[in-house]
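Please open the model in your viewer and keep the sequence panel beside it, since each stop on this tour asks you to select a few residues and look at what surrounds them.

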Amino acid sequence: MWKWITKYASPMHFYLLANRLTPWFGWSAAVLFAVGLYGAFFYAPADYQQGESFRIIYIHVPSAWMSMFVYMVMAGAGAAGLIWKTKVSDAVARSCAPLGASFTFLALATGSLWGKPMWGTWWVWDARLTSELILLFLYLGYIALQSAIDDRRTAARAGAILALVGVVNIPIIHYSVIWWNTLHQGPTISKLDSPSIHIDMLIPLLVMALAFNLYFAAMVLIRARMEIVEQEKNSKWVQELIVDKVSV
Amino acid sequence: MEQLENFFHMGGYGFYVWLSYGITLIVLLLNYVMPRTREKKLVDRLNQISKMKGQGENES
Amino acid sequence: MNPKRKKLLFTVIFIVAGVGIATGLALMAFQENLLYFYSPTQIKDGEAPGNRNFRIGGLVVNGSVVRNPENLQVSFTLTDTMNNVDVSYDGILPDLFREGQGIVANGAINSDGVFIANEVLAKHDENYMPAEVADALERAGVEHNYKNNQALP
């Protein structure tokens, strides 16, 4: 097991593995997006209160979930980079930031477009919306830090510390709707008692969530392998694999 | 035809629903296209550097 | 893992735990300001600020909505099932505004104890279901189990 991990922690093996996995993740994401969208618009019925506007849930909720999940991956990879000083984990952490920022932006934008017709406002400063906005700032801060520091090692270390400090925001986002009175309603899926979403509405949501996860997996590998090639551009394996196109 | 119109109308929420999905589509596509373009440029640059190095070696 | 890396690992854990606890404490202290709205009971108990605008949250009492046919003036009663507050509002209501719905209004209490709202937002619950299912539930008389657990602090 340990040997296997150290093998894929080597940049070249990670590059090869990423190359091999990306199309699988990418195409299964595309298929699930198609299935999920069909479900979102044709299989799921309209909501009893919100009517057709409820269909925004199929991108709003997966985006919000991903915004938190990607942050945990980024912080985890950053911590691994701090502890074991592996170049691969630094590349993964760095690759998470723009994707996480995109998901957070989507959660906020689609939430706003949903809130306007339903709540009657584009934005309110309640605990859920504010903590999600802070998450966007954390991502943007991380990206800014990466571009501000030239030395890759130092940038990765500083970014990892920022990411780890920001982890406290994740439980705050999740529990904000329970801890405080917010305009945003409580959790639907992770609630412990009876399910509060009809099964016909839930299935497309889970399909979309899986599609978002696979999309993220494919995109983070595309970015990470590029980061690695950039880092290792003077190494022999990059020369052989990418420039001379020697097959392995 | 009317069915299609109803579909795009989304019970009066068409603007909000389709704008949400539109923004999502654009962001997800950009997140694919941008790194792919960068990757292509990177590989091109590596090829160029390698070519120049090769010429340099031949000339000297 | 060599000792140096172990030390770094502990430093990292220490930083995260420290910041986590500090943030938790800070948030506890600020909890009052993070309250997005007050319930009718909190207002009755005098917890809501009397001298400035604040938000009230509750359910619109069935049959309490009175609309002025000539303008947008509307009045209704908000409840948290224990206490009621009368609300008066002049403006456009959100699509989800209806009797039995959870809403949040921003404004202030006047001398007669009426809440004069300058903004009314609808708060929906975390339940999603097709209309037929909602109708069936309502017929079975369980409506309030899924509708009333929101907007209440």
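Begin by selecting A:Phe42, which lies in helix 2 of chain A; helices here are DSSP runs of H or I with at least four residues, strands are runs of E with at least two, and both are numbered from the N terminus. The model is a predicted one, in which local features need pLDDT of at least 70 and side-chain atom pairs count only at pLDDT 80 or more, while totals for chains, interfaces and linings use all residues. Residues are numbered from 1 along each chain as its sequence is written, chains are lettered from A and ligands numbered from 1 in the order in which they are written, and side-chain values use heavy atoms, with hydrogens and water left out.

Now add A:Tyr38, A:Tyr43, A:Ile199 and A:Ile203 to the selection, and together with A:Phe42 you will have a nonpolar surface patch of about 540 Å². Such patches are made of residues with over 30% relative accessible area and no salt bridge, where like charges are joined within 9 Å and nonpolar side chains (Val, Leu, Ile, Met, Phe, Trp, Tyr) within 5 Å; the areas come from the Shrake-Rupley method with a 1.4 Å probe, and for residues only the protein chains shown count as cover. Two elements of chain A, helix 2 (11-43) and helix 8 (199-231), each give two or more residues to this patch, and the largest share, three residues, comes from helix 2.

A:Phe42 also leads to the next selection, because rings of Phe, Tyr and Trp (its six-membered ring) are paired if their centres lie within 6.5 Å, with planes under 30 degrees apart called stacked, over 60 edge-to-face, and the rest tilted. Select A:Tyr38, A:Phe41, A:Phe42, B:Phe7, B:Phe8, B:Trp18 and B:Tyr21, which form one aromatic cluster.

Over all chains there are 25 aromatic pairs, and a good one to examine is A:Phe54 with C:Tyr128, a tilted pair at 5.5 Å centre to centre with 35° between the planes. A:Phe54 sits in the loop between helix 2 and helix 3 (57-84) of chain A, and C:Tyr128 in the loop between strand 6 (115-123) and helix 3 (131-139) of chain C, so the pair joins two chains. Are these two residues buried or exposed, if buried means under 20% relative accessible area, exposed over 50%, and partly exposed in between (1.4 Å probe, protein chains only)? A:Phe54 is buried at 0%, and C:Tyr128 is buried too, at 3%.

Staying with chain C for a moment, colour it by secondary structure: there are four helices and six strands, which follow the pattern α-α-β-β-β-β-β-β-α-α along the sequence. Of its 153 residues, 41% count as buried.

Next, turn to charged side chains, and look for salt bridges (a side-chain nitrogen of Lys or Arg within 4 Å of a carboxyl oxygen of Asp or Glu). The count over all chains is 13. Select A:Glu232 and A:Lys87, whose side chains meet at 3.0 Å, N to O. A:Glu232 lies in the loop between helix 8 and helix 9 (236-243) of chain A, and A:Lys87 in helix 4 (residues 87-118) of chain A, so the pair ties together parts that are 145 residues apart in sequence. A:Glu232 is buried, at 11% relative accessible area, whereas A:Lys87 is partly exposed, at 44%.

Then select A:Asp90 and A:Arg153, which form a salt bridge at 2.6 Å, N to O. This pair links helix 4 of chain A, through A:Asp90, to helix 6 of chain A, through A:Arg153, across 63 residues. A:Asp90 is buried, at 9%, and A:Arg153 is partly exposed, at 27%.

From A:Arg153, extend the selection to helix 6 (residues 152-166) of chain A and find A:Ala155, A:Ala156, A:Gly159, A:Ala160, A:Ala163, A:Leu164 and A:Gly166, which are buried. Looking down the axis, you should find that the buried residues of helix 6 fall within an arc of 160°, so they line one face of the helix; the arc is that of the directions from the helix axis to the C-beta atoms.

Finish by selecting A:Arg94, A:Arg152, A:Glu227, A:Glu230, B:Arg38 and B:Arg45, which are linked in a network of salt bridges.
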